[in-house]
Amino acid sequence: MAVVVGRLLALAFLVCFGTGIYSHFLQDPLPWMVFPTRPTFLYQVTQGIHITAGIACFPLLFAKLYIVFPELFQTPLVGSFRHLLERASIALFVASSLVQIVIGLINTYQWYQLFPFPFRQTHYALSFVIIGSLAIHIAVKLDLITKYWRKNKPVAELVEAPEPAEAPEPADASTGSATARPNLTSDPVRNAIIRTEGVTGRLFDWIDTTPPAEPRASRRGFLTIVGIASAAVVTLTAGQSFKIFDVTNVFGPRKQGIGPNGLPVNRTATAAKVVDAASAPDWTLTVTNGDESKSYSRADLLAMPQTVVELPIACVEGWSQTATWKGVRVGDLVDSVGAKGGISLRATSLEQNSSYAVMNMGPEYVRDDLTLVALELNGDTLDLDHGYPARIIAPGRPGVLQTKWLTSLEVLS
């Protein structure tokens, strides 16, 4: 059972690691990185899988702990350097994994006030601790794992037989130490009485005579329960990421179709403290390219050629939903200030003191015909909580990079 659950747990963590790294570099790209903009639902799928696989780790990790629990108390605690590596790597893996999946789950509910540390940086660093400790653990047990993968005989024959237990030390009547057993006699009845004399004698007698508990579930039954638990947590939460599960979304923090413009909201205008600035009648969007600059009121933007696109908004917390957006192509706006060819862009929000108030966008997004300065959402004027008077929407990007409450666009290169 430990091998089966271990394989599933390792697969889930590797999926989380891969999708998490993709999300990280979308937000903090290296200079040479270029990201695909098709399919448009790519980030919606990868981040949905990231969150769902992370939630599935809960029953798998608890099952693994249940299976290996007796081994945590084996003696001696450390028998060799290899044994030390094995135990240290599994201790580090379990501890960091528990922290990782718990803070990940809390993040989906945006309970940031519970974190005395920056979530994103901590989550990113812990992912390498988990993968590193997992790699060490696999390395020190590689010979046994290889036997399981290549096994052509019953599993029981592959398990190394435990060394025979050492015979108990004879009683040391001369020292009278607390660990020495009382002197026994040739009378079995008297010996039974001696064994149960005093608190220590009763304790040792209880340990010696208590039979081990019989397993309450078969191997097949245990794995079935783990499978049902994993399927349940996925089915009851995946609806926030995948529409097909929306009807069974009981514990996911957001439901499809609920919110202003029929779309959930992560951060409201009130929370961002932009209500007055975003509602001001003299609001303008400034587009600059070096010394050339133009300002557009919302009426000016509405008077420009409008484009309608179907794009998902996919947030790092895992929820996502496809919506209909209408607005001006970003490419048309940068062209209006003389930008040529592939250029990068910096978008700035009215919001202050936010990590995502300023966002950079690579050429693959700027020149994509689906990238808009959106003015309408699902057939209505963009709601204030969704970024009124104007926001960015681009294919295949995290929601935190779809800047709301725009105030300026600056051509970088």
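Trainee: What makes these 5 strands an open sheet, and in which order do they stand?

Mentor: In this predicted model, where local features need pLDDT of at least 70, side-chain atom pairs count only at pLDDT 80 or more and totals for chains, interfaces and linings use all residues, the 5 strands follow the order 2-1-10-5-6 with mixed pairing. Residues are numbered from 1 along each chain as its sequence is written, and side-chain values use heavy atoms, with hydrogens and water left out. Strand 2 (292-296) and strand 6 (358-361) stand at the edges with a single partner strand each, so one side of each lacks a neighbour in the sheet.

Trainee: How do you know that strand 5 pairs with strand 10?

Mentor: Two strands, each a DSSP run of E with at least two residues, pair if DSSP finds at least two bridges between them. Strand 5 is joined to strand 10 (residues 406-411) by 5 bridges, in the antiparallel sense, and therefore satisfies that definition. Within this pair, L345 has V411 as its bridge partner.

Trainee: Which side chains of strand 5 are called buried, and which are not?

Mentor: Buried means under 20% relative accessible area, exposed over 50% and partly exposed in between, with a 1.4 Å probe and protein chains only. Along strand 5 (residues 345-349), L345, A347 and S349 point to one face and are buried, whereas R346 and T348 point to the other and are not. R346 stands opposite N360 in strand 6.

Methods
Helix = DSSP H or I, 4+ residues; strand = E, 2+ residues; numbered from the N terminus.
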